[in-house]
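Here is a short tour of a protein and its ligand, written for reading with the model open beside you. Take the topics in any order you like.

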Amino acid sequence: MAEYLIAGNSVAAVSAIQAIRERDKEGRITVISPEPYTAYCRPLITYVLAGDVEEWRLPYKRESFYQQNKVEVLYNVKLDGVDVSERTAYLSDGKKVAFDKLLLAVGGKPFIPPIEGIDGPDVYTFTTIADMKALAGRLEDIKKVVVIGAGMIGMKTAEALAKRDKEVVIVELMDRILPMVLDKEGSSFAEKALDRAGISYVLGDSVVGVGRDASGKVRRVELKSGAKIECDAVVVAVGVRPNTTPVEGSGIEVNKGIIVDDMMETNVEGVYAAGDCAESYDIILGQKRPNLVWPIAYRHGLIAGANMAGGRRRFVGGFPINSIGFFGFQVVSAGMSAVGEDEEASIEVLKFIDESKGVYRKVVIANNRLLGFCVIGDIRRAGLYTGLIWSRMDVSYFKELLVEHISLPEAIYPIDGALPAMNFSDRKNIRRFGWAVFPYSYRKLFTGYSARIEEICAFDDKGVCFYDGADDEG
Ligand SMILES: Cc1cc2nc3c(=O)[nH]c(=O)nc-3n(C[C@H](O)[C@H](O)[C@H](O)COP(=O)(O)OP(=O)(O)OC[C@H]3O[C@@H](n4cnc5c(N)ncnc54)[C@H](O)[C@@H]3O)c2cc1C
């Protein structure tokens with residue numbers, strides 16, 4: 001009977017458990033969980049702080065999931081190290097666990113910049129339930145908070161704190177909000193939403209010191225520009241990095257994240273990595289890198305789990321996709337969305353802007369392929385753009401239509417004849433090209449075909465069929 005050991009108990013671990021059990025009903029599965037909870041929906045923790053979501057809604061797997069899948073979870077214990085030659089894991093409680101197959105699904109770690117005075121009370125990160133509870137437990141004593149970082153976690157935490165009637169100041173090193181997603185023009189839409197909500201922000205400056213009183217309480221932060229902001233708490237949200245600490249010195253290769261092949265296996269046979277801790281292929285950059293988003297962690301876990309149990313699944317690649325909303329501002333983006341037209345000669349940026357309606361659409365194209373997009377206000381085309389990125393399709397003959405303000409079917413039907421010659425009834429073509437665009441009524445063409453086609457195609461109410469990035473069964 002195989003001994004599967006999984007370090008981590010979040011989305012990558014859960015999908016791995018499901019994939020293992022599809023192939024191996026009997027092997028022993030042990031999960032190591034430093035946190036005392038069943039797998040929970042990490043993106044919801046800011047909503048719990050805000051009071052919009054009740055805490056009982058956080059778990060997305062309950063004890064019954066582990067029981068039904070015959071999984072033993074060791075709570076409140078973490079993986080401290082791995083002896084790959086002895087095939088043994090060292091746990092923080094001093095115990096050793098032998099394994100045949102090991103999955104590292106240990107997620108990411110918030111980055112804490114070296115700022116004077118940052119160590120000590122009243123300074124928080126925000127990536128776990130424990131972080132959320134620590135801040136929630138102090139809310140009565142807090143009047144004003146400085147949030148360092150205007151990325152996704154910083155903005156969501158700032159919104160939650162504002163909803164709890166705290167005065168919030170966001171400080172961002174770059175010259176814009178959501179700097180990984182928005183360019184300066186896109187950021188102006190987010191800035192307007194902050195202005196409307198009465199939230200202060202400082203762009204293009206950084207916190208260089210946290211000032212404390214004699215008792216050690218936070219009283220202010222000092223900025224590089226020399227400005228000082230009075231506050232009684234600081235949230236550090238300057239980024240999350242792959243957690244590679246548990247494998248340090250083990251011989252398991254690490255770059256920015258744990259290095260894996262396209263079967264999610266590390267350089268050590270039988271040791272896999274999945275989720276935020278691992279690097280994987282980015283189809284836009286054409287290279288491996290950490291890609292710290294939930295859907296990719298889920299796909300990683302499915303592939304690693306299947307292969308741990310004897311399968312041969314491959315990760316075909318991915319790219320960052322984000323849907324973020326705060327203070328009434330809503331943006332969906334994917335791939336290289338923040339890049340500006342003047343950054344590289346090979347890059348073409350097309351935009352549609354209607355300030356009065358708060359609508360902003362931007363696509364980034366290079367070599368006639370869509371490399372990224374960003375939509376604000378009207379987010380209906382996000383699916384179409386995502387499909388075009390997946391397909392690597394030549395968009396040169398209809399690129400202007402992509403951002404123009406006409407409805408989607410109109411944008412597609414007139415160029416019907418110019419679509420790549422493709423027999424919609426041939427499933428191999430769908431697989432090769434990865435996508436198709438056709439009127440909704442064409443849907444019936446596909447009924448009667450195998451489940452595989454159903455899996456690859458997703459129909460929406462516009463009649464657009466997208467490749468969903470299904471990973472190769474090999
Ligand atoms: C506030 C917030 C909002 C987010 N919003 C979004 C969003 O809107 N969309 C999106 O796509 N993504 C979002 N993310 C990112 C998303 O949550 C992660 O990409 C996803 O959770 C990664 O899953 P994972 O399984 O790799 O690891 P994680 O969810 O990070 O979990 C890691 C697991 O490993 C455990 N662990 C850590 N160290 C050890 C150790 N030494 N030994 C054993 N176990 C260990 C942890 O306890 C945990 O169980 C958000 C993240 C945060 C924090």
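Before we come to the sheets, one term helps: two strands count as paired if DSSP finds at least two bridges between them. With that in hand, an open sheet of three strands can be read off in the order E13-E14-E15, with antiparallel pairing. Please keep in mind that this is a predicted model.

**The three-stranded sheet**
- Strand E13 (207-212) and strand E15 (228-230) form the edges; each has a single partner strand, so one side of each lacks a neighbour in the sheet.
- On average, neighbouring strands here are turned by 25 degrees against each other, direction ignored.
- Strand E14 (residues 218-223) and E15 run antiparallel and are joined by three bridges.
- If you would like a pair to look for, Val 221 stands opposite Ile 229 in E15.

**The chain as a whole**
- The protein chain contains 13 helices and 28 strands.
- It has 474 residues, and 39% of them count as buried.
- Among contacts in the chain with a separation of 6 or more, 63% are between residues 24 or more positions apart.

**The five-stranded sheet**
- An open sheet of five strands follows the order E9-E16-E10-E11-E12, and its pairing is parallel.
- Its edge strands are strand E9 (123-124) and strand E12 (200-203), each of which pairs on one side only.
- Strand E11 (residues 167-172) and E12 are paired in the parallel sense over four bridges.
- To find this pairing on screen, start from Ile 170, whose bridge partner in E12 is Tyr 201.
- Helix H5 packs on the sheet and touches strand E10 (144-148), E11 and strand E16 (233-236). The direction of H5 makes about 165 degrees with that of E11.

**Around the ligand**
- The ligand is surrounded by 35 residues, and the closest are Gly 8, Ser 10, Pro 43, Gly 107 and Gly 275.
- Sorted by class, this shell has 20 nonpolar, 10 polar and five charged residues.
- Domain 1 (3-108 + 241-308) and domain 2 (123-238) each give the shell at least three residues.
- Five elements each supply at least two residues of the shell: helix H1 (11-23), strand E2 (28-33), helix H2 (45-50), helix H5 (152-163) and helix H7 (294-308). H5, then, is a helix that packs on the five-stranded sheet and also contributes to the shell around the ligand.

**Strands E1 and E2**
- Strand E1 (residues 3-7) is mostly covered, with four of its five residues buried.
- E1 and E2 pair in the parallel sense, over five bridges.
- Glu 3 stands opposite Arg 28 in E2.

**A closer look at Val 31**
- Val 31 sits in strand E2, one of the elements that supply residues to the shell around the ligand.
- Is Val 31 buried or exposed? It counts as buried because it has 24 C-beta neighbours inside 10 Å, and the cut-off for buried is 20 or more.
- Leaving aside residues up to four places away in sequence, Val 31 touches Ile 6, Asn 9, Ala 13, Val 71, Val 73 and Leu 74.
- Val 31 and Ala 7 are 24 residues apart in sequence, while their C-alpha atoms are 5.9 Å apart in space.

Note on methods: Residues numbered from 1 in each chain as written. Predicted model: local features only at pLDDT ≥ 70, side-chain atom pairs only at ≥ 80, totals over all residues. Near = placed C-beta within 6 Å. Nonpolar A, V, L, I, M, F, W, Y, C, P; charged D, E, K, R; others polar. Domains from an automatic or database assignment. Contact = placed C-beta atoms within 7 Å. Axes fitted to C-alpha atoms, helices over the stretch in contact; angles between N-to-C directions. Buried ≥ 20, exposed ≤ 12 C-beta atoms within 10 Å, placed from the backbone.
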